[in-house]
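Trainee: I am new to this structure and would like to learn how to read its features one at a time. Could we look at it together?

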Amino acid sequence: MRQIIGILFIIVFFSTHAQEIDSPSEIRRETNIEAFGDYGQFAPTAVSLITVIAKKDKKGFWQLAKSTGTNLTVTYILKYAINKHRPEGAVDGKAFPSGHTSFAFQGASFLQRRYGWKYGAPAYALAAYVGWSRMEGIGERHDGWDVLGGALIGIGSTYLFTKPYQKEHYELAFSGGDGNYLLGFKYKF
């Protein structure tokens with residue numbers, strides 16, 4: 001019986017340590033995942049800015065600026081205030097919330113909130129990938145709570161300041177028939 005326990009101990013010991021040593025292909029894969037997430041975090045906000053400029057949406061520009069500023073401020077205040085260590089063992093104390101994730105979700109939620117799901121759905125897909133890349137990349141820099149916190153902060157900062165885009169602010173309607181006439185005016189704020 002002791003031999004079986006000893007063999008099981010050796011198997012468990014070496015299997016847990018063997019998982020720490022990644023193959024070169026696994027290292028390349030994780031490096032690529034993390035690099036794509038590093039660059040992908042900027043895409044939703046960059047597309048938001050390009051869309052605001054293309055639509056000549058001055059209100060949208062200021063809403064984007066306020067939500068981005070709030071997101072970055074809250075994210076970094078929490079990083080320093082909470083001082084959570086990273087899952088892979090680094091003790092820099094800046095794991096919660098994930099800054100990459102909060103920035104990606106802030107841009108994605110701005111696109112969705114301001115211009116609708118047609119713009120927001122692809123941006124949310126990319127933001128979700130960025131969050132996943134923070135947990136799966138070579139450094140495994142965050143856990144699920146860090147990513148969830150980042151996503152909530154990014155989305156929350158957008159919903160504080162962003163209103164849906166309305167190109168037509170007013171509508172004039174006229175109808176008539178059988179001697180009756182109706183004139184209507186509707187203004188959207």
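Mentor: What follows is a walk from the whole chain to its helices and then to a few single residues, and we should keep in mind that the model is predicted.

Trainee: Let us begin with the overall layout: how many helices and strands does the chain have, and in which pattern do they follow along the sequence?

Mentor: The chain has 7 helices and 2 strands, and, read along the sequence, they follow the pattern α-α-α-α-α-α-α-β-β. Of the 189 residues of the chain, 33% count as buried. Among the contacts between residues at least 6 apart in sequence, 67% join residues at least 24 apart.

Trainee: When I look at a single helix, what span should I expect, say for α4?

Mentor: A helix can be checked against a rise of 1.5 Å a residue, and for the 25 residues of α4 this gives an expected span of 36 Å, which agrees with the 36 Å between its end C-alpha atoms. The same kind of check can be made on α5, where 17 residues should span 24 Å and the end C-alpha atoms are 24 Å apart, again in agreement.

Trainee: Which residues of α4 are buried, and against which helices do they pack?

Mentor: The general idea is that an α-helix has 3.6 residues a turn, so residues three or four places apart point the same way. In α4 the buried residues are G60, Q63, L64, S67, T68, N71, T75 and K79, and the buried residues of this helix pack against α3, α5 and α7.

Trainee: How many residues of α5 are buried?

Mentor: In α5, 16 of the 17 residues are buried, so this helix is largely enclosed by the rest of the structure.

Trainee: What comes just after α4 and just after α5?

Mentor: α4 is followed by N83, whose phi is positive, near 60 degrees, while G116, just after α5, takes a positive phi of about 100 degrees.

Trainee: How should I describe two helices that pack together, and at what angle do α3 and α5 pack?

Mentor: Two packed helices are described by the angle between their axes and the distance between the axes. For α3 and α5 the angle is about 35 degrees and the axes are 7 Å apart, and α3 passes α5 in a left-handed crossing. On the α3 side, the residues that make the contact are P44, T45, V47, S48, T51 and V52, and on the α5 side they are F103, A104, Q106, G107, A108, F110, L111 and Y115.

Trainee: At what angle do the axes of α6 and α7 cross?

Mentor: The axes of α6, residues 117-136, and α7 come within 9 Å and cross at roughly 150 degrees. That angle makes α6 roughly antiparallel to α7, and α6 passes α7 in a right-handed crossing. The contact is made by Y124, G131, R134 and M135 of α6 together with G144, V147 and I155 of α7.

Trainee: Turning to single residues, is N71 buried or exposed, and what does its side chain reach?

Mentor: N71, which is in helix α4, counts as buried, because its relative accessibility is 0%. The side chain of N71 reaches the backbone oxygen of S102 at 3.4 Å. Leaving aside neighbours within four places in sequence, N71 is in contact with S102, F103, Q106, I153, G154 and S157.

Trainee: Where is A151 placed, and which residues does A151 touch?

Mentor: A151 is in helix α7 and, at 10% relative accessibility, counts as buried. Not counting residues up to four places away in sequence, A151 touches T101 and F105. The C-alpha atoms of A151 and T101 are separated by 5.8 Å, and these residues are 50 residues apart along the chain.

Trainee: In the loop between α3 and α4, which of the opposite words, buried or exposed, fits K56, and which fits D57?

Mentor: K56 lies in that loop and counts as exposed, at 72% relative accessibility; its phi is positive, about 55 degrees, although K56 is not a glycine. D57 lies in the loop between α3 and α4 as well, but D57 is buried, with a relative accessible area of 5%. A polar contact of 2.7 Å joins the side chains of D57 and Y115, and, not counting residues up to four places away in sequence, D57 touches V52, R114, Y115 and Y165.

Technical notes:
Residues are numbered from 1 along each chain as its sequence is written. This is a predicted model: local features need pLDDT of at least 70, side-chain atom pairs count only at pLDDT 80 or more; totals for chains, interfaces and linings use all residues. Side-chain values use heavy atoms; hydrogens and water are left out. Helices (H or I, at least four residues) and strands (E, at least two) are DSSP runs, numbered from the N terminus. Buried means under 20% relative accessible area, exposed over 50%, partly exposed in between (1.4 Å probe, protein chains only). A polar contact is a pair of N or O atoms within 3.5 Å; within protein, one must be able to donate a hydrogen and the other to accept it, and residues adjacent in sequence count only if both atoms are side-chain atoms. Contact means heavy atoms within 4.5 Å. The expected span of a helix is 1.5 Å times one less than its number of residues. Axes are lines fitted to C-alpha atoms, for helices over the stretch in contact, and angles run from 0 to 180 degrees between N-to-C directions. Angles under 35 degrees count as roughly parallel, over 145 as roughly antiparallel, 65 to 115 as roughly perpendicular and the rest as oblique. A crossing is left-handed if the near helix is turned anticlockwise from the far one by less than a right angle, and right-handed if clockwise.
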